[in-house]
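These are my notebook entries on a predicted model. I looked up strand pairing, burial, overall dimensions and the contact between chains.

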Amino acid sequence: MKRVEGLSKLTGRELYVDDLAVDDVLWGGTVRSPAARGRIREVRFGSGVDWSEFVVVDHRDIPGSNAVFLIEDDQPVLASDRVRHLHEPVALLAHPSRHAVRRALREVEVVIDQEPPHLDYRLEAAPDRIQYGNDNILKHLRIEKGHVERALAESPVVVEGVYETGAQEHVYLEPQGMLAWEEDGVITVTGSMQCPYYVVDAFRFALEREKDRIRIIQAATGGGFGGKEEYPSGMALHAALLALKASRPVKLIYDRSEDMAVTTKRHPSRVTHRTGVDRDGRLLVQDIEVLLDGGAYVTLSPVVLSRAIIHAGGPYQCDNVRIDGRAMLTNSPPFGAFRGFGAPQTQFAVERHMDRIAGRLGIDPVELRRTNLIDAGGSTATGQVIDDGVDRVAVMERALELADYSGRRARHAEFNSGSHTRKRGIGLATFFHGAGFTGAGEVYLDSVVHVAGLPDGKVEVRTSNVEMGQGTLTIFTELAAARLGCPPEEVVIAPVDTARVPDSGPTVASRTAMIVGHLVEEACDDLRTRLGLAAGADGDSLKEAITGWHEANPADEPLGQARHVQPPHIDWDEETYRGDAYGAFGWATYVADVEVDLRTFATEVRDFVAVQEVGKVLNETLARGQIQGGVVQALGWALLEECKWRDGAMENAQLTNYMIPTTADVPPIRVEFMEVPYPHGAAGAKGIGELPFDGVAPAVANAVAEAVGCDPDSIPLTPERLMELIER
Amino acid sequence: MEITFTLNGEPRIVEVDPADRLLDTLRYGLGLTGTKEGCGEGECGACTVFLDGLPVNSCLVPSYQARGRAVETVEAIPPGELDALHASGATQCGACTPGVVVTALWVRRNPGLLATHSLRELMAGNLCRCTGYDGIIDGLEAWIREDAP
């Protein structure tokens with residue numbers, strides 16, 4: 001089936017928040033901190049502006065608690081007395097003219113008594129820079145398996161490595177935007193977002209009002225990738241505060257440079273490995289330390305750290321593992337959710353480290369992985385026993401075959417011996433990604449899905465999970481149609497409007513198709529049962545039954561419901577970080593073929609092969625699109641995308657000097673799926689959205705290492721960094 | 001100031017501020033919101049429209065420069081023509097898509113371009129963060145093939 005809303009997007013008819021025409025609308029703007037840290041002494045409104053034309057909001061206008069409700073409540077909606085990062089929101093303006101807002105923002109001066117900021121997460125903070133607890137550690141987590149110290153002492157070879165990854169900006173093509181208004185006492189917001197019920201929770205806390213006076217509607221969302229997970233909560237509050245004070249609708253739309261400068265980014269990381277191996281390359285012990293830059297407030301860093309450490313050991317069998325993770329406060333805008341959620345950082349480290357180990361031992365990187373990939377019945381770092389029917393070595397073999405790994409290696413050796421200026425190399429990464437919330441996370445989410453029969457006999461699927469490009473509308477339509485035995489045209493997906501849809505959880509963590517899709521199936525079953533239909537009944541009898549119900553019960557609708565039930569095989573201990581971290585993992589091997597130009601130090605990716613096992617593939621075109629898009633986004637992180645910092649915030653906040661890949665920068669991405677159905681996922685599917693991000697950077701860095709005989713330990717491998725590495 | 005130009009085949013007279021970008025006039029003045037703003041500085045191509053048949057970034061064109069010329073936006077393209085791009089997965093989130101479609105149509109209308117440039121070179125002015133570009137390139141190849149004898 002083709003994408004449900006595809007033609008609407010191709011013809012430009014799809015309406016994003018800035019496309020909505022609203023009468024009497026005011027344009028919002030945000031007054032921000034000019035310093036990374038300090039006390040607010042004064043907010044001065046310049047004399048060149050007639051401020052009576054403006055609506056002005058500051059922290060005193062917040063009726064409830066001045067915090068963006070998330071894991072903790074340390075992040076203010078609007079700074080009151082102190083600021084903790086450059087660009088932190090301090091006040092809000094609104095005016096009928098967009099240009100007037102822009103001009104007025106230049107006339108507001110936030111006067112700060114500056115305090116010393118802590119800007120490097122890798123350094124211990126001096127006492128006068130401590131701003132969280134007594135050590136600036138936002139979260140500390142640890143995984144222990146076996147006997148690490150003893151195993152290290154007994155290992156014949158110990159290989160060490162320190163690996164760093166940089167921040168990354170999401171660059172969803174539609175910048176963040178919100179439109180708010182109050183209607184019959186209900187504050188209503190529509191905008192670009194992944195998690196409408198996160199916004200509801202944030203509103204309850206900061207606006208101190210009941211749920212029935214809050215309505216959040218997702219507008220068409222032009223990409224998210226995690227960037228529209230937590231950030232929209234605060235921005236929606238900003239738009240709402242202005243609308244409430246103005247008693248008029250307010251549009252708050254960031255332009256690209258504001259979006260890039262102030263919104264979340266991928267957490268920078270430093271990962272330290274100490275690995276004991278025997279002479280044949282068998283992993284005896286992994287001692288791993290993970291450090292993340294969390295930025296100025298807690299936000300989602302604890303859960304990003306959690307996923308980072310759970311994936312830090314890679315998809316390998318090792319009986320002795322210690323993974324110690326810390327997310328550190330710095331005076332940067334908070335780092336946040338971004339496709340992969342910590343796992344790309346730690347798997348860059350472990351996959352680069354595997355090649356380093358192979359080099360040290362004189363073993364082929366493929367053989368080293370073949371020796372250590374988890375076999376059936378083996379276990380991950382948290383002790384999760386893997387017995388899912390997937391042959392991880394076969395996944396790797398297929399990728400190598402598709403890439404002609406051995407053939408290319410031989411040809412590259414020949415090419416390289418005949419070329420002084422250009423060098424070719426091929427590299428691989430074997431990796432995994434857990435789908436859905438970690439451990440008992442899905443239990444806490446307690447997701448609910450409704451499927452209703454409409455008066456015209458169609459069915460309406462009601463969830464809070466959004467379409468942001470990944471294909472939710474199409475997948476849910478296909479799943480419901482298949483389950484109900486009706487044509488897809490008989491299925492309608494309800495707009496994601498919290499006044500209409502139940503809370504089926506956030507659209508994050510590769511959970512939507514697998515977990516919520518499964519609930520859609522179960523709600524379809526429930527609808528059938530309520531209509532008294534047998535399991536095998538066809539679409540015509542369903543339609544008849546629905547219209548019949550409406551004739552008999554004009555004031556009611558037939559409603560199928562499903563609530564998440566944790567699969568019985570998941571047993572997780574949050575205290576000890578032991579057990580089944582995820583219901584299912586996707587498994588993959590990626591192979592990159594590169595050419596490095598030793599005059600320019602530019603790296604060209606000549607070929608890229610992505611083979612993965614993701615359970616059942618629900619829609620081949622959409623699934624392939626997820627993999628190709630994830631790979632190219634990760635190629636940007638690996639080679640091009642570098643945030644430059646000033647006072648802790650992104651300075652190159654423009655697409656002119658923050659480069660993301662174009663068509664000309666990447667080769668076709670060759671994708672193949674292997675399918676082992678997951679019994680608890682929709683139609684056997686496992687999560688797919690994030691997996692492709694995890695293995696790209698290490699495959700590319702390993703290929704560069706082979707091409708030029710260097711040992712990269714950090715990305716992005718920009719020409720500047722590569723030159724330094726080669727000439728080091 | 002008042003300007004006259006041809007918009008999607010129809011003559012139009014509009015009042016514009018000298019500082020208005022063609023993008024603003026189309027989106028906010030004329031309500032043609034198919035053309036998107038992705039970056040506002042000519043890097044991403046989301047705002048691509050035809051100006052006298054050539055693709056331009058409408059965020060870099062002052063509205064008055066459209067005076068007496070022909071502007072064509074994504075809204076003018078019949079949906080029935082877009083099956084190849086639809087089938088290949090050329091759109092995901094849709095924010096870059098209208099610009100991609102306009103540039104793709106330019107390539108399709110001018111097959112001679114392919115004698116000197118690859119599709120990947122011709123499409124390099126339109127950033128997409130979702131598809132990894134294969135869906136776009138495959139769809140455009142199929143679209144061009146539709147014209148082959």
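Entry 1, the β-α-β unit. I began with β10(A), helix α4 (residues 196-207) of chain A and β11(A), which form a right-handed β-α-β unit. I then looked up the pairing of its two strands: strand β10 (residues 186-191) of chain A and β11(A) run parallel and are joined over 5 bridges. As a reference point within this pair I noted Thr190(A), whose bridge partner in β11(A) is Ile217(A).

On its other pairing, β10(A) meets strand β9 (residues 177-183) of chain A in the antiparallel sense, over 6 bridges. Here Thr190(A) in β10(A) stands opposite Leu179(A). I recorded that α4(A) packs on the sheet and touches β10 and β11 of chain A. The direction of α4(A) makes about 150° with that of β11(A).

Entry 2, the sheet. I followed the strand order and obtained β3-β5-β1-β12-β9-β10-β11 (chain A), an open sheet of 7 strands with mixed pairing. Its edge strands are β3 (55-57) and β11 of chain A, each of which pairs on one side only. Ignoring direction, I found neighbouring strands of this sheet turned by 25° against each other on average.

Is the edge strand β11(A) mostly covered or mostly open? I found that 5 of the 5 residues of strand β11 (residues 214-218) of chain A are buried. Ile214(A), Ile216(A) and Gln218(A) point one way from the strand, while Arg215(A) and Ile217(A) point the other way, and all are buried.

Entry 3, β23(A) and its neighbours. I turned next to strand β23 (residues 584-597) of chain A, where 13 of 14 residues are buried. β23(A) runs antiparallel to β16(A), with 14 bridges between them. In this pair, Gly427(A) has Ala592(A) of β23(A) as its bridge partner.

β23(A) is also antiparallel to strand β24 (residues 603-613) of chain A, through 10 bridges. Val594(A) has its bridge partner, Val605(A), in β24(A). I checked the hairpin of β23(A) and β24(A): there are 5 residues between the strands, and Phe601(A) takes a positive phi near 60°.

Entry 4, helix α7(A). How many residues of helix α7 (residues 301-310) of chain A are buried? I noted 9 of its 10 residues as buried. Among them are Val303(A), Val304(A) and Leu305(A), as well as Arg307(A). I then looked up what covers these buried residues, and the list includes β7 (137-145), β14 (283-295), β15 (321-329), α8 (343-361) and β16 (422-435) of chain A. β16(A) therefore appears again, as an element covering α7(A) under the contact cut-off of 7 Å between C-beta atoms.

Entry 5, chain A as a whole. I recorded 19 helices and 27 strands for chain A. The C-alpha trace spans about 75 × 70 × 50 Å along its principal axes. A compact globule of 728 residues would have a radius of gyration near 27 Å, and chain A agrees, with 26 Å. Of the 728 residues, 59% are buried. Among contacts between residues at least 6 apart in sequence, 82% join residues at least 24 apart.

Entry 6, the contact between chains. I found 42 residues of chain B in contact with 45 residues of chain A. On the chain B side, the elements giving two or more residues are α2 (83-88), α3 (97-109), α4 (119-122) and α5 (134-147) of chain B. I divided the residues of this side by type and noted 20 nonpolar, 15 polar and 7 charged.

Notes. Residues are numbered from 1 along each chain as its sequence is written. Chains are lettered from A and ligands numbered from 1 in the order in which they are written. This is a predicted model: local features need pLDDT of at least 70, side-chain atom pairs count only at pLDDT 80 or more; totals for chains, interfaces and linings use all residues. Two residues are in contact if their C-beta atoms, placed from the backbone, lie within 7 Å. Ala, Val, Leu, Ile, Met, Phe, Trp, Tyr, Cys and Pro count as nonpolar, Asp, Glu, Lys and Arg as charged, and the others, Gly among them, as polar. A residue is buried if 20 or more other C-beta atoms lie within 10 Å of its own, exposed if 12 or fewer, and partly exposed in between; C-beta atoms are placed from the backbone. The radius of gyration is taken over C-alpha atoms; the globule rule is 2.2 Å times the number of residues to the power 0.38. Two strands pair if DSSP finds at least two bridges between them. A crossover is right-handed if, with the strands pointing away from the viewer, the path from the first strand over the helix to the second runs clockwise. Axes are lines fitted to C-alpha atoms, for helices over the stretch in contact, and angles run from 0 to 180 degrees between N-to-C directions.
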